[in-house]
Amino acid sequence: MYLPSQAVIQDITIENSRIKTYTLAFTDKEYQRNFSYAPGQFMMVSVPHCGEAPISFASSPTRPGTIELSVRKAGELTSRLHSLPAGSMIGLRGPYGKPFPMEELAGKDLLFVAGGIGLAPLRSVITFCLDSGKYGTITLLYGSRTPEDIAFQADIEMWRKAGVDCRLTVDESSSDWQGNVGVVTTLLPQTMPLSSSTVSLVCGPLVMIDFVIKELTQMGLKDEDIITTMERHMKCGVGVCGHCHMDDKMICVDGPVFSKKELTESVAHFQEKPTVT
Amino acid sequence: MSAAYILAKDHLKSFVRKISKGSRLIAPVTNEYGDTLYSEINCLDSTQIDTQHQPQSSIKHFFLPQQESILSYSVSQAGEYHFSNILIGVPTVFFGVRSCDLAGLLYMDVIFSNPAKDPYYFKKRENSIIISLGCNEPFENCFCNATKSGPFLDFGFDLRFTDLGDRFLVEPGRKRGMEILEEFAYFFNDASEQDLKDQYQLQLESRSSFQQNVHVDLAIKKLANEEVGKDVWQDLADRCQDCGGCAYVCPTCTCFTITDQPVSESEGERVRSWDACTFAGFTRMVGGHNPVSSEHSLRRRFLHKLKYDVSLHNRTSCTGCGRCVGICFGGVDIIKFISAVCES
């Protein structure tokens with residue numbers, strides 16, 4: 001259960017100065033063929049001599065053959081990974097975690113709210129929705145620090161052509177930026193009024209998630225219709241090592257996807273929870 | 001065959017020698033510094049098994065070593081990156097295992113069975129024979145009566161020994177225990193009615209002689225229904241030195257970390273080591289952000305044992321061994337916490 005399988009980096013897309021998307025395939029072709037996963041799940045990624053880190057799928061299982069993981073350069077492992085050229089081998093084990101409830105979301109209007117690398121797991125969901133065609137309208141609100149930091153630009157272009165209402169904002173503008181300036185919550189009023197079948201999927205920095213969830217609640221979304229995915233320090237990915245312990249939940253097996261309802265019901269009295277209210 | 005047998009004390013060494021032939025033998029031994037530890041015994045003739053003192057550490061580290069290489073990996077010149085399992089399980093006889101430590105082992109069986117059997121743990125576990133020893137006299141900090149894990153745990157062992165003075169009462173538990181009794185039947189006589197009465201009397205006396213009076217049940221009920229006062233946490237946090245000692249001596253603290261230890265440019269080992277949820281860095285993420293404030297580390301440890309494990313597994317994972325009471329120089333032990341909860 002801790003044994004990684006070898007995967008080759010087939011392609012690398014530079015999303016911005018700190019984020020790269022890796023297209024990967026298991027070198028065992030049989031294993032690759034039988035490999036399945038769902039949006040919202042994650043893999044434990046091994047890089048030689050650097051240990052492991054949990055990384056969410058950025059790709060959708062509707063496009064088999066390879067998987068994509070988007071990685072922000074942050075620590076030792078991710079820095080080493082960023083230095084590897086295409087053709088290099090890494091180790092992967094998984095998939096782990098509870099995915100987004102794709103079945104239950106069928107037919108709903110989806111409002112995605114993302115910040116920075118937080119778009120990676122939602123990219124998996126958006127691609128899944130577009131490929132399967134079973135979902136309602138799709139709106140994406142995406143916040144970045146500066147115009148140069150806007151990641152997944154090629155995807156955003158494709159999504160726009162496919163009918164996704166993509167609205168971008170940056171915290172700090174530069175001279176040639178024509179779009180919205182301000183944190184991602186400043187885009188929320190533009191989406192009003194929300195249809196009665198709207199479900200929102202939120203991912204980004206913890207502070208952003210907090211503010212977005214508060215505003216979505218004020219906009220009338222029910223707790224079960226606000227879904228987020230959480231990031232924690234993890235070592236095993238299978239609910240044993242204890243690191244992602246949150247009340248009686250383990251983020252790695254009980255999450256990382258949680259609805260606001262699940263968060264407030266199960267960890268309402270727990271101070272360790274993020275300040276979701 | 002009756003369900004209980006008698007082994008004369010004079011025959012203990014030869015019996016232990018027989019059953020541990022070809023196996024490693026682990027039993028409590030008091031070393032030259034006066035420390036009683038579960039130790040590997042290579043020569044029974046020159047080593048005295050100590051059945052009188054409480055071992056200072058549990059048997060946890062024989063199943064979940066403090067540091068254990070679980071995988072080896074290689075990186076070839078061409079970049080091939082491969083892992084292979086390192087599975088080590090030496091056939092081992094554990095003699096003289098106290099009820100609290102057996103209860104800890106049974107808890108680890110549960111923890112390492114989900115979501116699948118942990119191969120490194122079970123390689124050791126399945127190679128073990130557990131012979132427990134009832135505690136005629138509770139030790140200074142013991143409260144296993146309150147956690148319902150002793151002083152004479154009735155299940156989970158292969159054989160259970162009770163010290164009746166000049167003889168041991170021996171009872172089979174799991175199938176392997178019965179097989180041992182059948183294989184070495186010549187060591188044993190059937191226990192008499194009086195032997196069983198003697199054991200019953202000893203158990204009664206033991207249960208009535210605990211020095212610690214700890215209301216675990218009440219604390220569990222209160223924790224399930226109420227928040228613990230901020231002052232209680234603050235008082236404990238002020239005294240915690242973040243040393244991890246409590247987690248290390250605890251029979252049921254199983255949190256671990258995993259790191260790579262390169263041996264050379266082209267190879268290395270992936271190592272699983274003990275971690276402690278009381279360490280400030282336990283939840284710290286890359287870049288230094290910690291989603292869990294450090295003042296909550298004690299809360300995590302105590303509530304895990306007395307609240308979350310109760311809701312998940314229907315029983316506390318504290319086995320009442322009292323070791324965290326003895327090891328903490330700040331006095332931040334589980335008895336103090338339970339008392340504070342009960343009094344608040």
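**Charges, folds and unusual backbone spots in chains A and B**

In this predicted model, a good place to begin is with charge: chain A carries 25 positive and 31 negative charges, and the mean positions of these two sets lie 2 Å apart. The accessible surface of chain A amounts to about 11,000 Å², and carbon and sulfur atoms contribute 51% of that area.

The overall build of chain A comes next. Its secondary structure consists of eight helices and 15 strands. The radius of gyration is 18 Å, close to the 19 Å expected from the globule rule for 277 residues, so chain A is as compact as a globular protein of that length. Along the principal axes, the C-alpha trace of chain A spans about 50 × 45 × 35 Å. Of the 277 residues in chain A, 57% are buried. The contacts tell a story about the fold too: among those in chain A with a separation of 6 or more, 67% join residues 24 or more positions apart.

Chain A also holds two backbone features worth finding in the structure. One is a cis peptide bond between Gly255(A) and Pro256(A), with omega at about 5 degrees. Pro256(A) sits in the loop that runs between α7 (251-254) and β15 (257-259) of chain A. The other is Phe152(A), which is not a glycine and yet has a positive phi of about 60 degrees. This residue belongs to the loop between β8 (138-144) and α5 (153-161) of chain A. With a relative accessibility of 0%, Phe152(A) counts as buried, because the cut-off for that label is under 20%.

Chain B offers a similar pair. A cis peptide bond links Gly150(B) to Pro151(B), and its omega is about 5 degrees. Pro151(B) is located in the loop between α5 (144-147) and β8 (159-163) of chain B. A positive phi appears at Asp242(B), a residue other than glycine, where the angle is near 60 degrees. Asp242(B) lies in the loop between α9 (230-239) and α10 of chain B. Its relative accessible area is 32%, so Asp242(B) is partly exposed.

Helix α1 of chain B, residues 12-19, gives a friendly example of how a helix can be read. Its buried residues are Leu12(B), Phe15(B), Val16(B) and Ile19(B). They cover an arc of only 95 degrees around the axis, and therefore lie on the same side of α1(B). The reason such a pattern can arise is simple: an α-helix has 3.6 residues a turn, so residues three or four places apart point the same way.

Two loop residues of chain B complete the picture. Ser57(B) is part of the loop between β3 (36-40) and α2 (60-63) of chain B. Although 19 residues separate Ser57(B) from Tyr38(B) in sequence, their C-alpha atoms are 7.2 Å apart in space. When neighbours within four places in sequence are set aside, Ser57(B) is in contact with Leu37(B), Tyr38(B), Asp101(B) and Arg323(B).

Thr254(B), in turn, occupies the loop between α10 (245-249) and β11 (256-262) of chain B. Its relative accessibility is 7%, so Thr254(B) counts as buried. Not counting residues up to four places away in sequence, Thr254(B) touches Leu64(B), Met108(B), Ile111(B) and Phe112(B).

Definitions and conventions:
Residues numbered from 1 in each chain as written. Chains lettered and ligands numbered in written order. Predicted model: local features only at pLDDT ≥ 70, side-chain atom pairs only at ≥ 80, totals over all residues. Heavy atoms only, no water. Helix = DSSP H or I, 4+ residues; strand = E, 2+ residues; numbered from the N terminus. Rg over C-alpha atoms; globule rule 2.2 N^0.38 Å. Buried < 20%, exposed > 50% of the residue type's maximum accessible area, 1.4 Å probe, protein only. Contact = heavy atoms within 4.5 Å. Areas by Shrake-Rupley, 256 points an atom, 1.4 Å probe, with all protein chains shown as cover. Lys, Arg positive; Asp, Glu negative; His and termini not counted. Charge placed at Lys NZ, Arg CZ, Asp CG, Glu CD. Arc of directions from axis to C-beta.
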